[in-house]
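Q: I'd like a close look at one part of this predicted model. Could you walk me through a single strand and what sits around it, then set that against the rest of the chain?

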Amino acid sequence: MFRESPSLTDRISARLDAAIDPAVAVYAESLAEVVGASAVLFYGSNLRTGSLDGVLDFYVLLPGKEQSKIWPRVSYHERDHQGQILRAKVATMALSTFAEAASGDLTDTTIWARFVQPSALVWQRDDTAHDKVVEAIQAAAITSARLAAALGPESGTAQDYWRALFHATYKAEFRVEKAGRENDILSVNAEHFAGLLPLALDAANVSYTQQSDHLSPSLSASERRRILNWWKWRRRLGKPLNFMRLVKASTTFEGATRYAAWKIERHTGMPVEVTPFRERHPVLSAPGVLWALRKHRNQAK
């Protein structure tokens with residue numbers, strides 16, 4: 001479906017080797033060792049800023065086949081680091097499924113659209129795991145670039161094509177994002193995306209011409225139609241699939257109560273006691289917490 005591109009591979013490998021706080025690497029290793037992972041990816045705003053505040057985002061990738069029909073499994077963790085509590089939201093899934101999703105072979109859109117954006121490979125079991133992750137991230141870039149070429153204008157800047165891609169993928173997901181989210185992604189990650197599209201198009205066997213900062217991909221009518229038909233099916237299934245994941249997460253999100261309590265106190269100033277009952281029954285506990293939050297807000301007025 002696409003050819004190996006040494007230039008793209010080298011670029012992605014270098015990007016995945018981004019410098020991170022040693023505390024993040026230690027956290028990743030501890031998560032990996034508990035579940036016998038093959039690799040751990042770190043992503044999100046904390047990767048860009050280097051901050052340990054807020055919630056650190058990890059993808060823990062396991063060996064073997066996927067055990068769950070609806071993945072990933074999501075959990076919340078807290079870890080002490082020199083007197084500071086480090087918080088992490090962790091998505092766990094099989095590396096083989098992650099790679100398959102990144103290549104666009106599955107109906108899922110979240111993996112390739114998320115991991116064409118910056119990430120760091122902060123822990124790997126061995127060189128084989130490292131190479132598999134690099135290959136998967138390369139596949140995500142190729143899948144994204146091919147769709148960007150089909151969705152974007154006949155000629156435009158690389159940002160025009162990435163903007164068309166992210167606008168479409170955010171609309172396809174069951175999530176609440178402010179309008180223009182695609183512009184935020186591109187502005188804060190400008191260095192990451194600079195020069196990426198031509199390399200990914202080369203690897204995807206999509207020819208193009210380039211004049212100054214403008215690209216003109218050469219997709220035949222039949223190839224564009226094939227890509228858009230591929231996307232049409234995934235766009236239709238995007239929201240239902242995301243909804244099923246949210247429903248599953250409502251009952252299987254490990255540490256959901258602690259995560260929600262932290263979020264509520266951080267954003268409203270109202271402390272939430274994490275009781276054993278609330279830990280075991282987060283859904284049943286939600287109405288009481290919401291009622292207390294309403295009272296807290298009324299008193300603060």
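Which residues of β8 are on its covered face, and which are on the uncovered one?

A: The covered face of β8 is made by L215 and P217, while H214 and S216 are on the uncovered one. Keep in mind that this is a predicted model, and let's build outwards from that strand.

Start with the sheet. β8 belongs to an open sheet of three strands, in the order β6-β8-β7, with antiparallel pairing. β6 (156-157) and β7 (208-211) stand at the edges with a single partner strand each, so one side of each is left without a neighbour in the sheet. As background, strands of a sheet pair through backbone hydrogen bonds, parallel or antiparallel.

Now take the β6 side. β6 and β8 (residues 214-217) pair in the antiparallel sense, over two bridges. G156 has L215 as its bridge partner in β8, and T157 stands opposite H214. So put G156 across from a residue of the covered face, L215, and T157 across from one of the uncovered face, H214.

On the other side, four bridges join β7 to β8, and these two strands also run antiparallel. Here T209 stands opposite S216 of β8, and S216 is one of the residues on the uncovered face. The two strands form a hairpin with two residues between them, and in that hairpin S212 takes a positive phi near 55°.

A helix comes into the picture as well. Helix α10 (residues 196-203) packs on the sheet and touches both β7 and β8; its direction makes about 160° with that of β7. The loop between α10 and β7 holds N205. N205 isn't a glycine, yet its phi is positive, at about 65°. Its relative accessibility is 46%, so N205 counts as partly exposed.

If backbone oddities are your thing, there are others elsewhere. Q82 is another non-glycine with a positive phi, about 50°, and its place is the loop between β3 and β4 (84-94). With 74% relative accessibility, Q82 counts as exposed. There's also a cis peptide bond between W71 and P72, with omega about 0°; P72 is in the loop between β2 and β3 (73-81).

Next, the aromatic side chains. The structure holds twelve aromatic pairs. Take F42 and F58: their ring centres are 5.3 Å apart and their planes are at 35°, so this pair is tilted. It links distant parts of the chain, with F42 in strand β1 (residues 39-43) and F58 in strand β2 (residues 55-62), 16 residues apart. F42 is buried, at a relative accessible area of 2%, and F58 is buried at 0%.

Y59 and F98 make another tilted pair, 6.0 Å centre to centre with 55° between the planes. This one also links distant parts of the chain: Y59 is in strand β2 and F98 in helix α4 (residues 95-102), 39 residues apart. Y59 counts as buried at 8% relative accessibility, and F98 counts as buried at 0%. Both rings belong to one aromatic cluster, together with Y43 and F115.

F115 has a charged companion too: R114 lies over the face of that ring, at 5.9 Å from the ring centre. R79 does the corresponding thing with Y27, lying over its face at 5.9 Å from the ring centre.

Finally, step back to the whole chain. The protein chain has 14 helices and eight strands, and 44% of its 301 residues count as buried. Among contacts with a separation of 6 or more, 71% are between residues 24 or more positions apart. The chain exposes about 15,600 Å², and carbon and sulfur atoms supply 52% of that.

So, back to where you asked me to look: β8 has β6 and β7 at the edges of its sheet, α10 touching it, and L215 and P217 on its covered face.

Technical notes
Residues numbered from 1 in each chain as written. Predicted model: local features only at pLDDT ≥ 70, side-chain atom pairs only at ≥ 80, totals over all residues. Heavy atoms only, no water. Pairing = 2+ DSSP bridges. Contact = heavy atoms within 4.5 Å. Axes fitted to C-alpha atoms, helices over the stretch in contact; angles between N-to-C directions. Phe/Tyr/Trp six-rings, centres within 6.5 Å; stacked < 30°, edge-to-face > 60°. Buried < 20%, exposed > 50% of the residue type's maximum accessible area, 1.4 Å probe, protein only. Lys NZ or Arg CZ within 6 Å of the ring centre and 35° of its normal. Areas by Shrake-Rupley, 256 points an atom, 1.4 Å probe, with all protein chains shown as cover.
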